[in-house]
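Here is a briefing on one protein chain. Please look over the sequence and the model first.

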Amino acid sequence: MTDIAQQQETGAGRQVALSADEGEAYWFFGTLVTIKADSEATAGGAVITENLAPRGSGSPLHVHHREDEWFYVLEGELTFWVGGEIVVAGPGGFVYGPRDIPHTFIVSSERARFLLVTHPGAFDGFVRTLGQPAERLEIPDRGGAPPDMNLLVATAAEYGLEILGPPGIPA
């Protein structure tokens with residue numbers, strides 16, 4: 001049996017081995033997002049992205065209805081709001097946002113580098129749909145404002161996400 005046939009039979013993904021500067025890179029919400037493992041590679045098990053983001057960037061207040069989301073901070077500092085609790089995470093910090101729990105985050109240092117993982121995974125499709133292929137492996141220099149709110153809400157719904165509010169930590 002070939003490796004591909006065995007993967008299809010067992011539901012297993014494909015082997016992924018990437019160096020630091022490899023992966024599909026997108027400019028998404030003012031951030032450089034590099035897809036390290038997509039839903040195809042993990043057979044829908046997880047999506048893993050490495051993110052490089054400037055101060056003030058982050059996500060709209062949202063909730064995932066199909067997946068859990070977690071963050072691991074490599075450099076810098078992120079401030080999270082998860083289910084009403086504020087958490088500040090620096091290098092080595094880990095934050096988990098379970099499905100159906102509203103959450104958001106903002107980069108609170110000059111810049112931050114972090115891993116974002118969704119499980120099970122389909123978040124890569126959301127990034128590909130709303131992101132722009134990165135011209136270079138740097139934070140985008142043209143602001144990276146979120147897309148039109150109507151487009152964002154409609155696209156999010158296709159991926160089991162519900163947009164609840166604008167970017168930033170709720171008061």
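The points below go from the whole chain to single residues.

This is a predicted model. The protein chain holds three helices and twelve strands. Of its 171 residues, 43% are buried.

**Whole chain**
- Contacts with a sequence separation of 6 or more were counted over the protein chain, and 71% of them join residues 24 or more positions apart.

**Helix α3: two faces**
- Helix α3 spans residues 149-158, and its buried residues are Leu152, Thr155 and Ala156.
- These residues sit on the same side of α3, because they cover an arc of only 105° around the axis.
- Asn150 and Glu158 are exposed, on the face of α3 turned away from the buried side.
- Three elements pack against the buried residues of α3: β4 (60-64), α2 (123-130) and β12 (161-167).

**Helix α3: the ends**
- The N-terminal end of α3 is capped by Asp148. One of its side-chain oxygens lies 3.0 Å from the backbone nitrogen of Asn150.
- Gly160 follows just after α3 and has a positive phi of about 75°.

**Packing of α2 and α3**
- Two packed helices are described by the angle between their axes and the distance between the axes.
- For α2 and α3, the angle is about 155° and the axes are 10 Å apart.
- The angle makes α2 roughly antiparallel to α3, because angles over 145 degrees count as such.
- The crossing of α2 and α3 is right-handed.
- On the α2 side, Phe126, Thr129 and Leu130 make the contact. On the α3 side, Leu151, Leu152, Thr155 and Ala156 do so.
- Leu152, Thr155 and Ala156 thus appear both among the contact residues and as the buried residues of α3.

**Trp27 in β1**
- Trp27 belongs to strand β1, residues 24-28.
- Trp27 counts as buried because its relative accessibility is 6%, and the cut-off for buried is under 20%.
- A polar atom of the Trp27 side chain lies 2.8 Å from the backbone oxygen of Glu138.
- Between Trp27 and Ala53, the C-alpha to C-alpha distance is 9.9 Å, with 26 residues of separation in sequence.

**Thr34 in β2**
- Strand β2 covers residues 31-37 and includes Thr34.
- Thr34 has a relative accessible area of 10%, so Thr34 is buried.
- Beyond its neighbours within four places in sequence, Thr34 contacts Glu22, Gly23, Glu24 and Ala25, and also Ile48, Thr49 and Glu50.

**Backbone points to check in loops**
- His119 and Pro120 are joined by a cis peptide bond, with omega at about -10°.
- Pro120 is placed in the loop between β10 (111-119) and α2.
- Ala43 is a residue other than glycine with a positive phi, near 55°.
- Ala43 lies in the loop between β2 and β3 (47-54). With a relative accessible area of 41%, Ala43 is partly exposed.
- Asp100 is also a residue other than glycine with a positive phi, near 70°.
- The loop between β8 (94-97) and β9 (103-107) holds Asp100. Asp100 counts as partly exposed because its relative accessibility is 43%.

Conventions: Residues numbered from 1 in each chain as written. Predicted model: local features only at pLDDT ≥ 70, side-chain atom pairs only at ≥ 80, totals over all residues. Heavy atoms only, no water. Buried < 20%, exposed > 50% of the residue type's maximum accessible area, 1.4 Å probe, protein only. Helix = DSSP H or I, 4+ residues; strand = E, 2+ residues; numbered from the N terminus. Arc of directions from axis to C-beta. Contact = heavy atoms within 4.5 Å. Polar contact = N/O pair within 3.5 Å; in protein donor to acceptor, adjacent residues only side chain to side chain. Axes fitted to C-alpha atoms, helices over the stretch in contact; angles between N-to-C directions. Parallel < 35°, antiparallel > 145°, perpendicular 65-115°, else oblique. Left-handed = near helix turned anticlockwise from the far one by under 90°.
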